[in-house]
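Good morning, and thank you for joining this short presentation. Please take a moment with the sequence and the structure before we begin.

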There are 2 protein chains.
Amino acid sequence: MGSIHRRRAAGSWEGVAAARYDDPAVAGVEKHELIGPADGARSYRVRYFHVPAGARTALERHPHDHGVVIEHGRARVTLGDEVHELGPGDVVYVEGDELHCFEAVGDEPLGFICVAPPARRA
Amino acid sequence: MGSIHRRRAAGSWEGVAAARYDDPAVAGVEKHELIGPADGARSYRVRYFHVPAGARTALERHPHDHGVVIEHGRARVTLGDEVHELGPGDVVYVEGDELHCFEAVGDEPLGFICVAPPARRA
């Protein structure tokens, strides 16, 4: 049986817990796992990231890839050795092992959907 | 190397071709593969569906699952033997082999992101 997660007005979802990062470099960034193992999804995870104005996600690279759709706000996106300024509806594919970072530029928070392969088993 | 697909004002994306369905039951529905094999993505596909007001996607079931986020418009969603009315930001997980259909209700077209596993090899 599938599942429904309705969005609440506050930018949270029914049945989805927000996770915060401990890394002070990315203070205030929230991750919401909209679809994942808790729903029975085994092939991919669909997450939503909320980045406060002026904040950014970790500048990082790792073996798994990301499929990103910007939902709201303006993003300065580091992708390898390039930097792109993107807005709502724009799409980014981050290849495995490619350096990447999403920064909220301007006065608005940034929100984006980020698809990833299943988490590796511990 | 990853890739960027900027959204054009017209609801299309740079570097993404829209596909139409031949099935007359779903006239006018467009699929845009935002991220997939053309980008090097091997673990999942990220698609965007545009459904004109009053139209719907196929009522179908198949072995692969779907992760859906409503982007705009109102949707009447068939999920198994349930029907839900959903709006922007709401999330649906369609399990494998679960009956599903997305219908645009009201005066607006419906737009949603739909994540799926890689296409099976022919």
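I shall go through the contact between the chains, then a strand of chain A, a sheet of chain B, the salt bridges, and finally one histidine. Please keep in mind that this is a predicted model.

Let us begin with the contact between the chains. How many residues does the contact take from each chain? Chain A gives 40 residues and chain B likewise gives 40 residues. Between them, chain B and chain A bury about 3300 Å², and 58% of this area lies on carbon and sulfur atoms. On the side of chain B, the residues that lose the most area to chain A are B:Met1, B:Tyr44 and B:Tyr93, which together account for 21% of what that side buries.

What kinds of pairs are found across this contact? Between chain B and chain A there are zero salt bridges, while 24 residue pairs are in polar contact, counting pairs with both residues at pLDDT 80 or more. Several strands of chain B take part: β1 (3-5), β3 (30-35), β5, β7, β8 (91-94) and β10 (110-116) each supply at least two residues of the side that touches chain A. The largest share of that side, five residues, comes from β5(B).

I turn now to chain A and to its strand β10, residues 110-116. Are the residues of this strand buried or exposed? Seven of the seven are buried, so strand β10 of chain A is largely enclosed by the rest of the structure. Burial holds for both faces of the strand: A:Leu110, A:Phe112, A:Cys114 and A:Ala116 point one way, A:Gly111, A:Ile113 and A:Val115 point the other way, and all are buried.

Which strands pair with β10(A)? One of them is strand β4 of chain A, residues 45-51, which runs antiparallel to β10(A) and is joined to it by seven bridges. Within this pairing, A:Arg45 has A:Ala116 as its bridge partner in β10(A). Strand β5 of chain A, residues 66-72, also pairs with β10(A) in the antiparallel sense, over five bridges. Here A:Val69 stands opposite A:Ile113.

In chain B, I would draw attention to an open sheet of three strands. Its order is β7-β6-β9, and the pairing is antiparallel. The edge strands are β7 (82-86) and β9 of chain B, each of which pairs on one side only. From one strand to the next, the twist averages 20 degrees. Strands β6(B) and β9(B) run antiparallel and are joined by six bridges; in β9(B), B:Val105 is the bridge partner of B:Arg74.

The next topic is the salt bridges. How many salt bridges are there over all chains? The count comes to six, and I shall describe three of them.

One salt bridge joins A:Arg20 to A:Glu30, with the closest N and O atoms 3.3 Å apart. A:Arg20 lies in strand β2 (residues 18-20) and A:Glu30 in strand β3 (residues 30-35) of chain A, so the pair ties together parts that are 10 residues apart in sequence. The two partners differ in their surroundings: A:Arg20 is exposed, at a relative accessible area of 56%, whereas A:Glu30 is buried, at 19%.

Another salt bridge in chain A is formed by the side chains of A:Arg76 and A:Glu103, at 3.3 Å from N to O. Because A:Arg76 lies in strand β6 (residues 74-79) and A:Glu103 in strand β9 (residues 100-105) of chain A, this pair ties together parts that are 27 residues apart in sequence. A:Arg76 is partly exposed, with a relative accessible area of 35%, and A:Glu103 also counts as partly exposed, at 24%.

In chain B, the side chains of B:Glu103 and B:Arg76 meet in a salt bridge of 3.3 Å, N to O. This pair links B:Glu103 in strand β9 with B:Arg76 in strand β6 of chain B, 27 residues apart. B:Glu103 is partly exposed at 23% relative accessible area, and B:Arg76 is partly exposed at 35%.

I close with B:His62. Where does B:His62 lie? It lies in the loop between β4 (45-51) and β5 (66-72) of chain B, and it is buried, with a relative accessible area of 12%. A polar atom of the B:His62 side chain lies 3.0 Å from the backbone oxygen of B:His64. The side chains of B:His62 and B:His100 are joined by a polar contact of 3.3 Å. Leaving aside neighbours within four places in sequence, B:His62 is in contact with B:Gly96, B:Asp97 and B:His100.

Note on methods:
Residues are numbered from 1 along each chain as its sequence is written. Chains are lettered from A and ligands numbered from 1 in the order in which they are written. This is a predicted model: local features need pLDDT of at least 70, side-chain atom pairs count only at pLDDT 80 or more; totals for chains, interfaces and linings use all residues. Side-chain values use heavy atoms; hydrogens and water are left out. A salt bridge is a side-chain nitrogen of Lys or Arg within 4 Å of a carboxyl oxygen of Asp or Glu. Helices (H or I, at least four residues) and strands (E, at least two) are DSSP runs, numbered from the N terminus. Buried means under 20% relative accessible area, exposed over 50%, partly exposed in between (1.4 Å probe, protein chains only). Two strands pair if DSSP finds at least two bridges between them. Axes are lines fitted to C-alpha atoms, for helices over the stretch in contact, and angles run from 0 to 180 degrees between N-to-C directions. A polar contact is a pair of N or O atoms within 3.5 Å; within protein, one must be able to donate a hydrogen and the other to accept it, and residues adjacent in sequence count only if both atoms are side-chain atoms. Contact means heavy atoms within 4.5 Å. Buried area is the accessible area (1.4 Å probe) that two parts lose on being put together, summed over both.
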